[in-house]
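Here's a quick briefing on a ligand site and one residue worth a look. Have the model open while you read.

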Amino acid sequence: MTPRLFVLSGPSGVGKTTIVRAVLERIGNLEFSVSCTTRPPRAGEREGVDYYFISPQQFAALVRAGQFLEHAWVYGHRYGTPLAEVEQRLQRGKSVLLDIDTQGAAAVHRRRARLGFPTSFIFVLPPSREELLRRLEGRKSETVEELRRRLEEAWEQTAAGMWFDYLVINRHLEEAISWVTRLIRLELLG
Ligand code: 5GP
């Protein structure tokens, strides 16, 4: 089975993190690539598990050194996928799953022909704008201003997903998890 890179993207609040966690539990040979971010950790987040939390200076140095597969500004903070995280896992024969924003996904898509491993792009859509707002509010991790900004950007990103290989609507979480699991398994079968 050839290892693949799976890029899962979609607007903030659509349920990506939950879907990713469940899919990783269901597919043995698939590993999560931990990103770097300059955003401060939220309660319960662990260094090296959820993210590598680094300073803006450290982030800029990694950009200059060409250490990122892609990087982007998201909601006022920088996020990036360390190239080594992805390459080392693929070299060990593991497939890799990225949970990144649409700018990052587009950047990986532009580079895909030169990467040397196959890639698949999955976009998770909310069933409606109202539902997206409800889910963002439910997270209670952002201020009202931050929430408004996230909703606007998230809704814009919803329309930006049309070039992906797969679109999955997260109407019912369990169904969305099952679809993403199935299509990753199918792709791995080649
Ligand atoms: P959060 O701050 O809620 O953890 O993530 C905010 C957004 O940043 C999410 O859409 C998430 O998918 C995205 N993100 C996380 N890591 C990366 C990364 O390495 N690169 C890019 N481009 N986006 C990322």
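What follows covers the ligand and its surroundings, then Thr37.

Keep in mind that this is a predicted model. The ligand takes up the space of the largest pocket, with 17 residues surrounding the ligand.

**Around the ligand**
- Lys16, Ser35, Arg39, Tyr51 and Tyr79 are the closest of the surrounding residues.
- Two strands pitch in here: strand 5 (68-74) and strand 6 (77-82) each supply at least two residues of the shell around the ligand.

**Polar contacts to the ligand**
- Lys16 puts a polar side-chain atom 2.6 Å from an oxygen atom of the ligand.
- Arg42 also has a ligand oxygen atom to deal with, at 2.9 Å from an N or O atom in the Arg42 side chain.
- With Glu70, the ligand partner is a nitrogen atom, sitting 2.7 Å from an N or O atom in the Glu70 side chain.
- On its own, the ligand has 510 Å² of accessible area, and the protein covers 94% of that.

**A look at Thr37**
- You'll find Thr37 in strand 3 (residues 35-37).
- Thr37 counts as buried because its relative accessibility is 0%, and the cut-off for buried is under 20%.
- The Thr37 side chain reaches the backbone nitrogen of Arg39 at 3.0 Å, and Arg39 is itself among the residues closest to the ligand.
- Setting aside neighbours within four places in sequence, Thr37 is in contact with Tyr51, Tyr52, Phe53, Ile54, His77, Arg78 and Tyr79.
- Two of those contacts, Tyr51 and Tyr79, also turn up among the residues closest to the ligand.

Conventions. Residues numbered from 1 in each chain as written. Predicted model: local features only at pLDDT ≥ 70, side-chain atom pairs only at ≥ 80, totals over all residues. Heavy atoms only, no water. Helix = DSSP H or I, 4+ residues; strand = E, 2+ residues; numbered from the N terminus. Buried < 20%, exposed > 50% of the residue type's maximum accessible area, 1.4 Å probe, protein only. Polar contact = N/O pair within 3.5 Å; in protein donor to acceptor, adjacent residues only side chain to side chain. Contact = heavy atoms within 4.5 Å. Near = heavy atom within 4 Å. Areas by Shrake-Rupley, 256 points an atom, 1.4 Å probe, with all protein chains shown as cover. 1 Å grid on protein atoms, 1.4 Å probe; cavity = no way out; pocket = protein on both sides within 12 Å on 5 of 7 lines; lining within 4 Å. Sits in = over half its atoms within 2 Å of the grid points.
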